[in-house]
Amino acid sequence: MTKTVSQRDLADIIRCPLITEKATRLMENNQYTFDVALKATKPEIKAAVEAMFEVKVVSVQTLRKPLKKKRVGRFVGYKAQYKRAIVRLADGDSIDLFPDV
C-alpha cells in the first residue's frame with residue numbers, strides 16, 4: 001500500500017539545507033544534508049528531493065537526536081527535537097546550494 005504525496009506537501013518536507021563542516025565534507029562524496037520534518041519518511045524525503053532539485057537519489061539516511069532536558073531556574077523543559085536526512089545522489093547529479101549571484 002503506497003501513500004501518494006502531493007507536490008505541495010513535498011515542499012513542506014524539506015525545511016532547509018544544512019551547512020556545517022561535516023556536511024561540507026560530505027558534499028565531496030555527493031551527499032547532501034537537510035533538516036526535514038519530524039514525521040517525514042525516507043520515501044517522502046527521496047520524492048521531495050527528486051522533485052525540488054530534479055536529481056536522482058540513490059539512498060536516504062535519517063537521524064533523530066534524543067530529547068535533552070533544558071533547565072531555566074526551577075523550570076524544566078526540553079530542547080526542540082529535529083530530524084536530519086543525508087541524501088546520496090547518483091553519479092553526475094549535484095545540487096547547487098550556493099548559486100552565483
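This text walks you through the fold of one protein chain, from its overall outline to a few individual residues. Please keep in mind that the model is predicted.

Let us start with the whole chain. Its secondary structure comes to three helices and six strands, and reading along the sequence gives the pattern α-β-α-β-α-β-β-β-β. The C-alpha trace spans about 55 × 40 × 25 Å along its principal axes. Of the 101 residues in the protein chain, 29% are buried. The accessible surface comes to about 7,700 Å², and carbon and sulfur atoms account for 51% of that surface. If you take the contacts between residues at least 6 apart in sequence, 58% of them join residues at least 24 apart.

Now look for the open sheet. Four strands form it in the order 1-2-6-3, with antiparallel pairing. Strand 1 (14–17) and strand 3 (57–64) are its edge strands, each pairing on one side only. On average, neighbouring strands of this sheet are turned by 30 degrees against each other, direction ignored. Strands of a sheet pair through backbone hydrogen bonds, either parallel or antiparallel. One pairing to trace by eye is that of strand 3 with strand 6, which is antiparallel and runs over seven bridges. Here you can find threonine 62 standing opposite alanine 85 in strand 6.

Two further strands make a pairing of their own to look at. Strand 4 (residues 69–72) and strand 5 (residues 75–78) pair in the antiparallel sense over four bridges. Lysine 69 stands opposite tyrosine 78 in strand 5. The two strands form a hairpin with two residues between them, and in the turn glycine 73 has a positive phi of about 65 degrees.

Back at the sheet, what lies across strand 1, strand 2, strand 3 and strand 6? It is helix 3 (residues 42–53), running at about 125 degrees to strand 3. Helix 3 also gives two or more residues to the largest nonpolar core, as do helix 1 (7–13), strand 2, strand 3 and strand 6. This core has 18 residues, and Phe34, Ile45 and Val49 are those with the most contacts inside it. Valine 49 makes a good stopping point: beyond residues up to four places away in sequence, valine 49 touches Ile14, Phe34, Glu54, Val55, Val57, Val87 and Ile95.

That last partner deserves a visit. Isoleucine 95 lies in the segment after strand 6 (83–89). Is isoleucine 95 buried or exposed? Its relative accessible area is 7%, so it counts as buried, the cut-off being under 20%. Setting aside neighbours within four places in sequence, isoleucine 95 is in contact with Tyr32, Phe34, Val49, Phe53, Val55 and Leu89. The chain also brings isoleucine 95 and glutamine 31 to a C-alpha separation of 9.6 Å, although they are 64 residues apart along the chain.

Finally, turn to a charged pair. The count of salt bridges comes to one, and arginine 84 forms it with aspartate 35, the closest N and O atoms being 3.3 Å apart. This pair links distant parts of the chain, with arginine 84 in strand 6 and aspartate 35 in strand 2 (residues 31–36), 49 residues apart. How do the two partners stand with respect to the surface? Aspartate 35 has a relative accessible area of 16% and is therefore buried, whereas arginine 84, at 25%, counts as partly exposed.

Notes. Residues are numbered from 1 along each chain as its sequence is written. This is a predicted model: local features need pLDDT of at least 70, side-chain atom pairs count only at pLDDT 80 or more; totals for chains, interfaces and linings use all residues. Side-chain values use heavy atoms; hydrogens and water are left out. Buried means under 20% relative accessible area, exposed over 50%, partly exposed in between (1.4 Å probe, protein chains only). Contact means heavy atoms within 4.5 Å. A salt bridge is a side-chain nitrogen of Lys or Arg within 4 Å of a carboxyl oxygen of Asp or Glu. Two strands pair if DSSP finds at least two bridges between them. Axes are lines fitted to C-alpha atoms, for helices over the stretch in contact, and angles run from 0 to 180 degrees between N-to-C directions. A nonpolar core is a set of buried Ala, Val, Leu, Ile, Met, Phe, Trp, Tyr and Cys residues joined through side-chain atoms within 4.5 Å. Accessible areas come from the Shrake-Rupley method with a 1.4 Å probe; for residues, only the protein chains shown count as cover.
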